[in-house]
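Colleague: I am new to this structure. Please take one part and look at it closely, then work outward from there.

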Amino acid sequence: MASADRSTLFINATVLDGSEHMEPQPDMAVAVERGLITWMGPSAVAQAPAGAEVIDLAGAYLMPGLINMHVHLCGSGKPVSAGDAGALMKKLDNPVGRAIVRHILKGSAQQQLASGVTTVRGAGDPLFADIAVRNAIDAGKYQGPRLVAPGTGVTVPGGHGAGLFAQVANSPAEAAEQVRDLYARGADVIKLFVTGGVFDATEAAHEVSLPVMAHVESTEGVKAALEAGVDTIEHGAPLTPEILELYRGAAGTQLEGRAPSVTCTISPALPFVLLDPKKTHSTDTQKKNGDIVCSGIIESARAALEAGVKVGLGTDSSCPFVTQYDMWREVAYFAKYVGVSNAFALHTATQVNAELLGLDGETGTIECGKAADILVTRENPLDDLCALREPMHVMCRGDLVCKLKVKRIPEVDAELDAIMAMPAEALAEELARDGVA
């Protein structure tokens, strides 16, 4: 990485370390060398490493970089129809087309980083381009977040993402073969959109020690996925006592040392409930389905937390009204609608997400020996999570982000800001009005 020879000393920082019961630690200094946090203590006794750049934060809040557990990098979040994206991907499956797709994904990854997200777990993208972007970032060719890349997802004929960010498996055996191919291409995780082939695909992934994430939005699907050994349920649905036991490890077929978890993704569902259907281009049926999905995601997260099941956070970026720079909104939605404290929401978006990715030895907290994945904000996010919206500084693996800027989509921001301003009760009222408990 380009940061290997750089040293930085942050002084006069108010540290939020990412732990569950974090409290602001004022007048602190944090030293960064060779991409790692090497010292932390009172600013009054701090000594800058040789040749270090000293950054006086004047009391600003220094915390771990955010971790986004669910991202598609292929879109901007503008509410436009994907059209026949699968046919387009076939046309782009050539050297020039693949270079175009990689350029798009690079831009999206850099938008995540500029907004304070230092680790991203992909959820499937076209033409294995995310793996190429990950490799380029890791090689220091350009700045970007730590990227956990699945390559393409695996789906069924006509299934979610078919031809765009997922390849089609026509049988369980074919799904398992595609998993082995993804491993050979360098995938870090396997993303499934399948039902019938979930057992075979999960077994194939676990044989090569790859975790499996599965797109599931129904109670029956959650049960089937957990029984098959899926490691993280993406989105989620209302839980039953039997499913809670599966989350607690009754199935016992997940990767060794990892209990199954659910990734809460409120961002793509909320606009379908709270915005005019004309803005989301929703039919009455789609609106009702959106209500059900949104309610299920929130109910799933609440029930999981109450039962002691780990819950992660992700945005599902690229969906309509879900930009590449709005992880802060998902953190705020989690606090607002699931009912956790601001501190727990920030803890979830940092330390918990790192644990769920198996990266907690590397990132997720501000402590010596961890990677210097750092987000600095002027105001205290424990008072108002909207403070995360405007980072003062972002650092990823010791590399300070200076040239990357968030490129906002004003028309999308305006709609999402209107949602953010609504009281939490507005969601329950709208769901009740549409007959969704």
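Modeller: Start with the bend in helix α12: the helix turns by about 45 degrees at Thr348. The bend at a residue is the angle between two fitted axes, one for the seven residues ending there and one for the seven starting there. Helices are DSSP runs of H or I with at least four residues, strands are runs of E with at least two, and both are numbered from the N terminus.

Keep in mind that this is a predicted model: local features need pLDDT of at least 70, side-chain atom pairs count only at pLDDT 80 or more, and totals for chains, interfaces and linings use all residues. Residues are numbered from 1 along each chain as its sequence is written, and side-chain values use heavy atoms, with hydrogens and water left out.

Now the length of α12. The helix covers residues 342-356, and its end C-alpha atoms are 20 Å apart. That agrees with expectation, because 15 residues at 1.5 Å a residue should span 21 Å. The expected span is 1.5 Å times one less than the number of residues.

How many residues of α12 are buried? The count is 12 of 15, so the helix is mostly covered. Buried means under 20% relative accessible area, exposed means over 50%, and partly exposed lies in between (1.4 Å probe, protein chains only). Thr348, where the bend sits, is itself among the buried residues. Others include His347, Gln351, Val352 and Asn353.

Asn353 gives us a way out of the helix. Its C-alpha is 34 Å from that of Gly51, and the two are 302 residues apart in sequence. Gly51 sits in the loop between β3 (36-42) and β4 (53-56). With a relative accessible area of 81%, Gly51 is exposed.

Next, a loop with two unusual backbone angles. Asp316 lies between β15 (311-313) and α11 (327-338). Its phi is positive, about 65 degrees, although Asp316 is not a glycine. Phe321 is in the loop between β15 and α11 too, with a positive phi of about 70 degrees, and it is not a glycine either. Asp316 is buried at 7% relative accessible area, and Phe321 is buried at 6%.

Turn to the charged pairs. The model has 24 salt bridges. A salt bridge is a side-chain nitrogen of Lys or Arg within 4 Å of a carboxyl oxygen of Asp or Glu. One of them stays inside a helix: Arg180 pairs with Glu177, with the closest N and O atoms 3.4 Å apart. Both lie in α4 (residues 172-185), 3 residues apart, or about one turn. In an α-helix there are 3.6 residues a turn, so residues three or four places apart point the same way. Arg180 is partly exposed at 37%, and Glu177 is partly exposed at 46%.

Another salt bridge reaches across the chain. Glu430 meets Lys287, the closest N and O atoms being 3.3 Å apart. Here distant parts are linked: Glu430 is in α14 (residues 425-433), Lys287 is in α10 (residues 284-306), and 143 residues separate them. Glu430 is buried at 17%, and Lys287 is buried at 9%.

Asp417 and Arg389 make a salt bridge as well, with N and O at 2.9 Å. This pair also joins distant parts: Asp417 is in α13 (residues 410-421), while Arg389 is in the loop between β16 (374-377) and β17 (391-396), 28 residues away. Asp417 is partly exposed at 30%, as is Arg389 at 21%. Shared partners also build a network, which joins Lys287, Asp291, Glu430, Arg433 and Asp434.

Last, the cysteines. What is the number of disulfides? It is 0, a disulfide being a pair of cysteine sulfur atoms within 2.5 Å. The sulfur of Cys74 has its closest cysteine sulfur in Cys319, but at 9.1 Å that is too far for a bond. For Cys396 the closest is in Cys402, at 13 Å, again too far. Cys74 is partly exposed at 24%, whereas Cys396 is buried at 2%.
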